[in-house]
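Colleague: Before using this model in further work, I should like to go through its main features with you.

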Amino acid sequence: MRTLLRLAPALVLAAPALAQAPHHDHPATPPQEADPVLASLLAEALGKHPDVQKADAAVRMDQERIPQAGVLPDPSLSLGIQNDGFKELQIGKMETSYYSVAFTQPFPWPGKRGLRREVAAAGVDLSEATRSRVLLGLEADVRRGYAALLLIRGQKELLAQQAVFLEQSERLARTRYEVGQGSQGDLLRAQLELTRLKQAAWSLEAEERSTLAGLNRLRQHDPADPIATTAALADLPEPGLLTADQVEARSPELAGARASVRQTEKLLDLAKLDRRPDFAVTAGIMPRGSLDPMWQVGVSISLPIYGRHKQQRAVAEHEHHRRGQGAEVESVRTLLRQRTEERTIQIETLRRTRDLYREGLLVQSEANFKASLAQYEAGRAPFLGALEALNGWVGDQGAYLQTLAQLQAQHIALSEAALGATPPVNGGSLASASLASGAAAPAKSASSAKAPGQAQDSGPAMSKM
């Protein structure tokens, strides 16, 4: 029985691998890129992912449109012949018979070319906003995947610690039963808990392989490639809270909506200029064989005589579009502020919950575990009391890990400036006994309650810009 009691401090001393020791003064944390494994994952994902390459190509494609928009329309070359009669060519014989070569260059009304360049430049801003969303989303996916991997591996360590105790307790229960000092129920319960641990371990193994496959997809590796980690979930630094203005400055959707407004305003100005006529200058020469050649120079002007039904309608069209885009900006901004406020509230709540685990629940759970073991050794408490105390401690440690994971999820979503609901950092499930022991459940927000793969309310989409 002393072996059983000596095991409790060992289990508790191993807990810092899963949770930081209780403390009141939280030192400043380094930037998250200080983790070399995470930095490597981010570099590979952002450097190799096809979505980034596609977004880069779209930006370069739109940049090529700017010089095109400011170029004059292509000139035209006209070749012709004019002849008196049908019997034979009269060029050189008749004054009105000649060959003709004419060159025509259109000239838009002053200011139209510049506005077209500005419309194309606003299109680049739109594609850059889309590229920013791809980069932010990819970075957030990598960070969530990495946090999920650390969560699962922390849960596996927790199960391994629980297995050590249960194996010891199973041997002790067997010994006591064989000498007539214990009951068969104690032995069967210990064996049952070990079986449950195997089931939970298999589930965590499957979750770990699935998470690895997801991370490897993001960095364009084989799904089965291993990822060695040295940090624990509690080691991940917690960034400072971003203000609403800082989140707005990071939001690609808001930047894209504003770029769309600018583009629509330039299109409106261009539509107003379309009510002005365009010009074309023509110069030509008419050789007449042995006779002196003739030449001509002319200017043509387009007549927007259908302006009431064409140009005026175009102006009204772009005016309505501009108003709609302005409403889109306000819609994105208010939704972004709502999400920022929600995540700030959740972060503050999760921080308090985390500190409660560190400074209260985990300490109390450990003390309860030690006391139950001591009472069991002294014969003053049944085996189930010690087992339930162990399960309560394991359950609290698991809930603490979940709290850390969801705190990371809120920070990631805040930095991502996501308009949709906060995607949770998902791990595996512990053994049923651990979860049924009355351990406090991790604090979760309503925004993180959606299951992976479930459609989320993403607000105004980038495609609407």
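The exchange below covers confidence, secondary structure, packing and one glycine.

Modeller: This is a predicted model, in which local features need pLDDT of at least 70, side-chain atom pairs count only at pLDDT 80 or more, and totals for chains, interfaces and linings use all residues. Residues are numbered from 1 along each chain as its sequence is written, and side-chain values use heavy atoms, with hydrogens and water left out.

Colleague: What pLDDT does the protein chain average?

Modeller: pLDDT is the predictor's confidence in each residue, from 0 to 100. At least 70 is scored by 83% of the residues. The average for the protein chain is 82.

Colleague: Over which residues is the pLDDT below 50, and where does it stay under 50?

Modeller: Where pLDDT is low, the predicted coordinates should not be read in detail. One such stretch has 66 contacts (heavy atoms within 4.5 Å) beyond near neighbours in sequence, and another has 76 contacts beyond four places in sequence. The stretches are residues 1–32 and residues 432–465.

Colleague: How many helices and strands does the protein chain have?

Modeller: Helices (H or I, at least four residues) and strands (E, at least two) are DSSP runs, numbered from the N terminus. Along the sequence they follow the pattern α-α-α-β-β-α-α-α-α-β-β-α-α-α. The secondary structure comes to ten helices and four strands.

Colleague: Which helix gives the largest share of the largest nonpolar core?

Modeller: A nonpolar core is a set of buried Ala, Val, Leu, Ile, Met, Phe, Trp, Tyr and Cys residues joined through side-chain atoms within 4.5 Å, where buried means under 20% relative accessible area, exposed over 50% and partly exposed in between, with a 1.4 Å probe and protein chains only. The largest core has 30 residues, and Val142, Tyr146, Ile227 and Leu233 have the most contacts inside it. Two or more residues come from each of helix 2 (36–48), helix 4 (112–178), helix 5 (184–218), helix 8 (311–377) and helix 9 (383–416). The largest share, eight residues, comes from helix 4.

Colleague: How many residues does the second, separate core have?

Modeller: Among its members are Ile152, Ala163, Leu204 and Leu390. This separate core has 20 residues.

Colleague: Why does Gly324 count as partly exposed?

Modeller: Gly324 is found in helix 8. Its C-alpha atom is separated by 9.9 Å from that of Thr264, 60 residues apart along the chain. Gly324 counts as partly exposed because its relative accessibility is 38%.
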